[in-house]
Amino acid sequence: MSQLLPIERKKQILSWLRKEGSIKIGEISKRLQVSEMTIYRDLKPLIEQEEVYRTSGGITLRKEAPSLPNHTCTYCHKISLTKFSIQILTLDQEVEHACCAHCGLLRFHDIENDVAQIICKDFLHDTTLNAKTAYYLFNPDLSINCCMPTVLTFGSLKNAQQFQTGFGGNLLSFPDAIVEIKKVMKLNNSCH
């Protein structure tokens with residue numbers, strides 16, 4: 001787990017806190033294989049946003065932690081009420097929203113074992129799709145004014161290939177798209 005980005009470590013810490021309530025800093029350091037100083041740096045914004053609070057040698061999830069407004073991207077916190085948004089239904093029957101396929105793929109990777117279903121929309125036809133069967137066009141020569149690199153979703157391989165012919169980019173399946181977005185984000189360290 002030492003290869004995680006700071007935002008990924010924060011999400012992992014919050015995930016553990018939701019399950020366990022409280023955790024010692026030393027335990028988090030051990031699990032993530034990073035120093036306790038790194039953990040304190042990761043926790044600082046969570047403490048400032050009042051999502052967690054310090055306890056003796058550890059942290060606790062604040063029960064009344066502010067939740068994100070509906071239709072806010074759970075990954076980058078942008079508004080996710082667009083035709084590019086993705087919805088993730090968890091096993092706990094909670095619905096998470098991602099502003100675009102870029103964030104949807106990253107969020108799916110983070111909580112894969114807790115996901116019941118992931119849904120996206122076809123870029124051309126605006127129809128709802130099972131995201132696991134969609135085709136993903138990475139980095140086309142088209143800006144949708146959202147997270148970078150741009151990732152577009154298509155329900156039809158033929159349509160995706162035709163779009164790729166005109167706008168370029170790299171066409172991938174769902175599993176390959178997750179690998180690619182993780183690789184790109186390790187290099188860039190930001191959605192923006």
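Helices here are DSSP runs of at least four residues, numbered from the N terminus, and with that in mind I would like to take you through some side chains and some backbone features of this structure, which is a predicted model.

Let me start in helix 5, which covers residues 157-167 and holds both Phe-163 and Phe-167; because these two are four residues apart in that helix, about one helical turn separates them. What is the arrangement of the rings of Phe-163 and Phe-167? Their centres are 4.5 Å apart and their planes meet at 20°, and since planes under 30 degrees apart count as stacked, this pair is stacked. As for accessibility, Phe-163 has a relative value of 11%, and because buried means under 20%, Phe-163 counts as buried, whereas Phe-167, with a relative accessible area of 33%, is partly exposed.

Phe-163 also has a partner in Phe-154, and here the aromatic pair is tilted, with 5.4 Å from centre to centre and 45° between the planes. Both Phe-154 and Phe-163 are buried. These contacts belong to a wider picture, in that Phe-84, Phe-123, Phe-154, Phe-163 and Phe-167 form one aromatic cluster, and the count of aromatic pairs comes to seven.

Next, charges over rings. Lys-83 lies over the face of Phe-123, a member of that cluster, at 5.0 Å from the ring centre. Elsewhere in the chain, the ring of Trp-16 has the charged end of Arg-31 sitting over it, 4.8 Å from the centre of the ring.

Let me now turn to the backbone. Most residues other than glycine have a negative phi, and most peptide bonds are trans. Which residues are joined by a cis peptide bond? They are Met-148 and Pro-149, with omega at about 0°, and Pro-149 is found in the loop between strand 8, residues 135-138, and strand 9, residues 151-154.

That loop between strand 8 and strand 9 also contains Asn-145, whose phi is positive, near 55°, although Asn-145 is not a glycine. Is Asn-145 buried or exposed? Its relative accessibility is 73%, and because exposed means over 50%, Asn-145 counts as exposed.

A positive phi, near 70°, is also found at Gln-93, again a residue other than glycine. Gln-93 lies in the loop between strand 4, residues 86-90, and strand 5, residues 95-98, and with a relative accessibility of 58% Gln-93 counts as exposed.

Methods
Residues numbered from 1 in each chain as written. Predicted model: local features only at pLDDT ≥ 70, side-chain atom pairs only at ≥ 80, totals over all residues. Heavy atoms only, no water. Phe/Tyr/Trp six-rings, centres within 6.5 Å; stacked < 30°, edge-to-face > 60°. Buried < 20%, exposed > 50% of the residue type's maximum accessible area, 1.4 Å probe, protein only. Lys NZ or Arg CZ within 6 Å of the ring centre and 35° of its normal.
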